[in-house]
Amino acid sequence: MVHRLDMETSGAVLFAKNPFILPILNRLLEDRKISRQYLALCQGSFESEKVTYRDKIGRHRHDRRKRVVDPRQGQRATTHVQVLEKIGRNSLVQCRLETGRTHQIRVHLSHHGHPIIGDPLYHPQNGSRLMLHAQKLSLVHPLTLETISVTAHSDSFEKNLKK
């Protein structure tokens with residue numbers, strides 16, 4: 001496995017077919033040459049259509065499952081957010097990761113007042129599922145140099161958008 005998704009997140013994941021290619025794909029991920037786009041339904045309205053969060057993320061002091069914005073001891077994290085649609089009092093956003101910290105999108109959105117609907121750790125509001133979906137992965141194949149883009153669909157994500 002080249003990267004992971006949180007247990008509650010649906011969508012595309014990248015696997016290496018053999019142990020030879022795994023370190024090559026890991027390097028592409030480290031060098032930010034694998035693009036990852038997510039869809040999230042989050043609470044509230046954004047002041048602008050595009051925003052970039054660059055808050056450092058670290059471990060929560062009392063809950064090992066959680067992460068928090070920690071400017072002093074956290075690791076660098078960058079999330080680009082674009083508002084796609086306003087749905088009632090919520091916003092459907094597309095998030096593009098530059099870094100891949102644990103719970104990065106969930107922490108950034110929650111910290112800035114836009115927790116993801118249905119997030120059991122960072123949003124007290126109940127939901128039938130975490131409304132975070134890894135929609136698209138793109139990379140240049142390291143051997144063939146072919147551009148590969150994979151889009152994942154989620155019936156449960158779409159169904160819950162319409163509620």
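In the predicted model, the second largest pocket is lined by 18 residues, and those nearest its centre are Leu14, Phe15, Ile21, Leu25 and His141. Two elements, β8 (132–140) and β9 (147–151), give two or more residues to this lining. Of these, β8 provides the largest share, three residues. By class, the lining of the second largest pocket comprises 14 nonpolar, three polar and one charged residues. The volume of the second largest pocket is about 290 Å³.

The largest pocket has a volume of about 610 Å³. Its lining consists of 26 residues, with Arg4, Arg36, Gly100, Arg101 and Thr102 lying nearest the centre. Three elements, α1 (22–30), β2 and α2 (104–111), each contribute at least two residues to the lining of the largest pocket. The largest share, three residues, is supplied by α2. Divided by class, the lining of the largest pocket holds nine nonpolar, seven polar and 10 charged residues. The two linings thus have the following composition: 10 charged and nine nonpolar residues are found in that of the largest pocket, whereas one charged residue and 14 nonpolar residues are found in that of the second largest pocket.

Strand β2, which contributes to the lining of the largest pocket, spans residues 34–43 and is paired with β7. These two strands run antiparallel and are joined by seven bridges. Within this pairing, cysteine 42 has serine 91 of β7 as its bridge partner.

Strand β7 is also paired with β6 (residues 79–87), again in an antiparallel arrangement, through eight bridges. One of the bridge partnerships involving β7 links isoleucine 87 to asparagine 90. Strands β6 and β7 form a hairpin with two residues between the strands. In this hairpin, glycine 88 adopts a positive phi near 65°.

The surroundings of β7 were also examined in terms of burial. Strand β7 covers residues 90–97, and six of its eight residues are buried, so the strand is largely enclosed by the rest of the structure. The cut-off for a buried residue is a relative accessible area under 20%. In a regular strand, side chains alternate between the two faces of the sheet. Bridges connect β7 to β2 as well as to β6.

How values were computed:
Residues numbered from 1 in each chain as written. Predicted model: local features only at pLDDT ≥ 70, side-chain atom pairs only at ≥ 80, totals over all residues. Heavy atoms only, no water. Buried < 20%, exposed > 50% of the residue type's maximum accessible area, 1.4 Å probe, protein only. Helix = DSSP H or I, 4+ residues; strand = E, 2+ residues; numbered from the N terminus. Pairing = 2+ DSSP bridges. 1 Å grid on protein atoms, 1.4 Å probe; cavity = no way out; pocket = protein on both sides within 12 Å on 5 of 7 lines; lining within 4 Å. Points joined across faces, edges and corners; volume = space filled by probe spheres on them. Nonpolar A, V, L, I, M, F, W, Y, C, P; charged D, E, K, R; others polar.
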